[in-house]
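Me: I am new to this structure and would like a close look at a single part of it. Please take your time and connect what you describe.

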Amino acid sequence: MTSSGDSHATYQQDLLGRIEYRSSKPIKVYEKCFITSIYTVIKTIETTIRASCDLAEFRQSVQDNADENYLCSSLQSIFRTIEGAAADLTGYRRTQFRQLVPMAERVPDAEGMSFPDNKPDFVLAEVPPTSGPLTLALDAGSDGVKWRQICGFIEVKPSVNEGPNLGARSTAVRHIVSQGADSARLIMAARPFQLYVLCIFIYGHKFSLGWYDRRGVIISDDYDIVDNLGVLVNVVLQLTTHMTAYQLGHDRSARLLEGHSYYQVEYPSFLVSMGADGDTYRWQTQGPPIWSSLSLLGRGTATWRAVSVGMKKAPVVVLKTLWRSQTQRSESNVYWRIKSPLPGVAELSLGDDVRIPVAMETHAPVSVGILRSLILDDDIGVPDDPILHRLTLKTGGRPLWDAETTKDFILGSLAALKGHQGLVEQGILHRDMSPGNIFLGSLGCAEGWEGFVADLELASVAQPETETIVTLHPLPPSAGQLNTRGVFREDTVASSSKAPGAEITVRLLFSLLASTEHYVQGTALFMAKELLDVMVISDKSRKVRPAQIERGVHHDLESFILVLFYAVMRRGLNRQLWAEKNQADQHSDRRTLP
């Protein structure tokens, strides 16, 4: 059950060709998590459930074509029985504390993040530990659930016909799968160190297991809840009581600071590294992410304020994590090309791919393919397999809409624009001017650093149409410059990696961007109109494919202006400037009444 279907329709297009159906892989996640005497525990729980009336009530509700609310009520009782693990009979002791919470009509708390009012039917929520076998029952209404608490989910449909698996000839994407994609991307946005998301689909008397990551979805074959109750018991027991955060998809190189939790009042802090043994670099995050992408199949960019661990009076840096395409140079590589620090451009401190242990004393870069291989025994390979990349920037900043005064906003915007100009003069075009890439400088910063641009992963090196240096200023034809707008040509291989937030901005694009030949890199909401026009032109009338379009400085500048409009509006909304003005106007009107 969700309250908005807009993004679901989007993902039905976006997921085409990215789903593996009726796979034997998802169950392997749970087979690798060993529990002592697991089969005895599962059998005892299964016997307890069959002896209760909950399973019979669920079957009757399915036969009566009852709606999801009735199904969820019976399922909740079954899930609580599994979580309790019949501990008085089995002696089972849990090591993890999570609970499957029915959301009904409640939406998880996004804590100020711009999330849609969507939700799964059940969320797998991290909760405070208890001494007994059961956690204290959480009520989504009175207690509230934060998105960052959620590390998995369950989608419920009343009919078997609404299940995720398709017939052999079907090419559509079922609604339950696109709903799941929406939930998965919101979990990853609220928990940016989440590398993949596990879920369960329940439809009528059938269920299946799901896996969502940055390159698609893997869905198991159908199980019968009655005939395969032991499978359901095993999965739910593992999810709620046994699997570690890392087994559930949390990045091993980013662990919660001691004493911190995802369910605490304030956003927790993390101790972050590059993942390799002997790595001496450590950072501690401060507060919630500065920016967290809402994309599922894209780069999943997240940025944080952080300090280096072990340094006295360590300055605040910007810590950034993203999934980079192997077909493009890394963002760190682009920063290294900059000649000397440029005012108005973020300065790189350190950057590299994140590592994960794959064998004794052997580490490999984290990629979707590596994760699937290690956890799902999937060695088929992933097209355009993205790699997890992490970097720190010496230049600390704030979003444009956090400007204290109009002067701060203007000076910051101007400094960032001059930084962009400096990049162009060194032959680098940014190509992704968006709110997450333009910042105000730190308070008390030096002149010229009142604002800056960051995020150079999508940047390209200029190839002017003449040998004249490209600048922001048009040159007269007599100087030999035929194109006065500083045209840059694409110099990267076409990639399916998408910019942060792209799939939730311009809905029309995604029915047209099913293949990489339609893809223009950048954030769609802030993309120049000329680029958008080329993407939405029909194939028959298109003379130039979007991936071949010439990108110019004027495209970036148009995007920059759109970002300024967005920042002004968001600043006004955040500070309720218009509400205060309306109240003042109303007060003035009352005073002038006769």
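Reply: What follows looks closely at one helix and the pocket beside it, and then turns to the salt bridges.

This is a predicted model, and its chain holds 15 helices and 24 strands. Of the 594 residues of the chain, 55% count as buried, and among contacts between residues at least 6 apart in sequence, 71% join residues at least 24 apart.

The helix in question is α10, which covers residues 368-376 and supplies at least two residues of the lining of the second largest pocket. Within α10, the residues Val368, Gly369, Leu371, Arg372, Ile375 and Leu376 are buried. These residues cover an arc of only 160° around the axis, and therefore they lie on the same side of α10. As for what they pack against, the buried residues of α10 meet one helix segment, α2 (28-31), together with the strands β6 (206-213), β7 (216-220), β13 (316-324) and β15. Just after α10 comes Asp377, a residue whose phi is positive, near 55°.

The strand β15 (355-359) appears again in the pocket, since β15 also supplies at least two residues of the lining, as do β9 (254-256) and β10 (270-272). The second largest pocket has a volume of about 550 Å³ and is lined by 32 residues, of which Tyr246, His250, Arg252, Ile356 and Pro357 lie nearest its centre. When the residues of this lining are sorted by character, 17 are nonpolar, seven are polar and eight are charged.

The strand β13, one of the elements against which the buried residues of α10 pack, leads on to the salt bridges. Side chains of opposite charge can pair when their charged atoms come close. A search of the whole structure finds 21 such salt bridges, and one of them joins Glu331 with Lys320, with the closest N and O atoms 2.8 Å apart. Glu331 belongs to helix α9 (residues 331-336) and Lys320 to strand β13, so this pair ties together parts that are 11 residues apart in sequence. Glu331 is buried, with a relative accessible area of 1%, and Lys320, at 3% relative accessibility, counts as buried as well. Through salt bridges that share partners, Glu331 and Lys320 are joined with Arg299, Asp432, Asp455 and Glu457 into one network.

Within that network, the side chains of Asp432 and Arg299 meet in a salt bridge of 3.2 Å, N to O. Asp432 sits in the loop between β19 (428-429) and β20 (438-441), while Arg299 sits in the loop between β11 (283-292) and β12 (302-308), so the pair ties together parts that are 133 residues apart in sequence. Asp432 and Arg299 are both buried.

A further salt bridge is formed by Glu111 and Arg148, whose closest N and O atoms are 2.8 Å apart. Glu111 lies in the loop between β2 (98-102) and β3 (122-126) and Arg148 in the loop between β3 and β4 (150-157), so here the parts tied together are 37 residues apart in sequence. In this pair Glu111 counts as partly exposed, at 34% relative accessibility, whereas Arg148 is buried, with a relative accessible area of 1%.

Definitions and conventions: Residues are numbered from 1 along each chain as its sequence is written. This is a predicted model: local features need pLDDT of at least 70, side-chain atom pairs count only at pLDDT 80 or more; totals for chains, interfaces and linings use all residues. Side-chain values use heavy atoms; hydrogens and water are left out. On a 1 Å grid over the protein atoms alone, a cavity is a set of points where a 1.4 Å probe fits but cannot get out, and a pocket is an open set with protein on both sides within 12 Å along at least five of seven lines; lining residues have an atom within 4 Å of a point. Grid points are joined across faces, edges and corners, and a volume is the space filled by probe spheres set on the points. Helices (H or I, at least four residues) and strands (E, at least two) are DSSP runs, numbered from the N terminus. Ala, Val, Leu, Ile, Met, Phe, Trp, Tyr, Cys and Pro count as nonpolar, Asp, Glu, Lys and Arg as charged, and the others, Gly among them, as polar. Buried means under 20% relative accessible area, exposed over 50%, partly exposed in between (1.4 Å probe, protein chains only). The arc is that of the directions from the helix axis to the C-beta atoms. Contact means heavy atoms within 4.5 Å. A salt bridge is a side-chain nitrogen of Lys or Arg within 4 Å of a carboxyl oxygen of Asp or Glu.
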